[in-house]
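Biologist: I would like a close look at a single part of this model, explained slowly enough for a first-year student to follow on the screen.

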Amino acid sequence: MSYTLQRLAAGSYDLVLDGEIVASVIHDISAGGDVRGWRAELLDDALPFPAPFMKPVQAFR
């Protein structure tokens with residue numbers, strides 16, 4: 001199982017697992033414009049989630 005990122009626009013990526021897009025990865029930005037980190041959102045929130053996802057939306061720095 002191998003993930004890769006495909007850049008879409010500045011601060012926005014597709015997360016690809018074994019040749020299939022499984023999530024969007026974007027900058028998590030506050031209303032004031034501060035970058036708080038990154039957020040990965042699965043395109044399909046049906047169980048089971050692909051590892052290492054524990055929920056449909058994961059935040060990370």
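Which residue in E2 is the bridge partner of Arg7? Please start from there and take me through the sheet around that place.

Modeller: The bridge partner of Arg7 in E2 is Tyr13, and since everything here comes from a predicted model, what follows describes computed features. Arg7 belongs to the stretch of strand E1, which covers residues 3-9, while Tyr13 belongs to strand E2, which covers residues 12-17. E1 and E2 run antiparallel and are joined by six bridges. Between the two strands of this hairpin there are two residues, and Gly11 takes a positive phi near 80 degrees there.

Beside Tyr13 in the chain is Ser12, which is also placed in strand E2. Ser12 has a relative accessible area of 19%, and because buried means under 20%, Ser12 counts as buried. If its neighbours within four places in sequence are left aside, Ser12 is in contact with Gln6, Arg7, Val25 and Ile26, so Arg7 appears both as the bridge partner of Tyr13 and among the contacts of Ser12.

To see where the hairpin belongs, we can widen the view to the sheet. Five strands form an open sheet in the order E1-E2-E3-E4-E5, with antiparallel pairing. E1 and E5 stand at the edges and have a single partner strand each, so one side of each is left without a neighbour in the sheet. On average, neighbouring strands of this sheet are turned by 25 degrees against each other, with direction ignored. At the other end of the order, E4 and E5 run antiparallel and are joined by four bridges, and in this pairing Trp38 stands opposite Phe60 in E5.

Trp38 leads us back to Tyr13, since the count of aromatic pairs comes to one. The ring centres of Tyr13 and Trp38 are 5.9 Å apart and their planes stand at 55 degrees, so the pair is tilted. This pair links distant parts of the chain, with Tyr13 in strand E2 and Trp38 in strand E4 (residues 35-42), 25 residues apart. Trp38 itself is partly exposed, having a relative accessible area of 22%.

Side chains in a regular strand alternate between the two faces of the sheet. With that in mind, we can turn to the largest nonpolar core, which has nine residues: Leu15, Leu17, Val22, Ala23, Val25, Ala40, Leu42, Phe49 and Phe53. E2, strand E3 (20-29) and E4 each supply at least two residues of this core, and the largest share, three residues, comes from E3. Ala23, one of the core residues, also touches Tyr13, and its other contacts beyond four places in sequence include Leu15, Leu42 and Phe53.

Finally, follow E2 onward to the loop between E2 and E3, where Asp18 lies. Asp18 counts as exposed at 61% relative accessibility, and its phi is near 50 degrees, a positive value in a residue other than glycine. Most residues other than glycine have a negative phi, and most peptide bonds are trans. The loop between E4 and strand E5 (57-60) holds Pro48, and the peptide bond from Leu47 to Pro48 is cis, with omega near -5 degrees. Pro52 is found in the loop between E4 and E5 as well, and a cis peptide bond with omega of about 5 degrees joins Ala51 and Pro52.

Key:
Residues are numbered from 1 along each chain as its sequence is written. This is a predicted model: local features need pLDDT of at least 70, side-chain atom pairs count only at pLDDT 80 or more; totals for chains, interfaces and linings use all residues. Side-chain values use heavy atoms; hydrogens and water are left out. Rings of Phe, Tyr and Trp (its six-membered ring) pair if their centres lie within 6.5 Å; planes under 30 degrees apart count as stacked, over 60 as edge-to-face and the rest as tilted. Buried means under 20% relative accessible area, exposed over 50%, partly exposed in between (1.4 Å probe, protein chains only). A nonpolar core is a set of buried Ala, Val, Leu, Ile, Met, Phe, Trp, Tyr and Cys residues joined through side-chain atoms within 4.5 Å. Contact means heavy atoms within 4.5 Å. Two strands pair if DSSP finds at least two bridges between them. Axes are lines fitted to C-alpha atoms, for helices over the stretch in contact, and angles run from 0 to 180 degrees between N-to-C directions.
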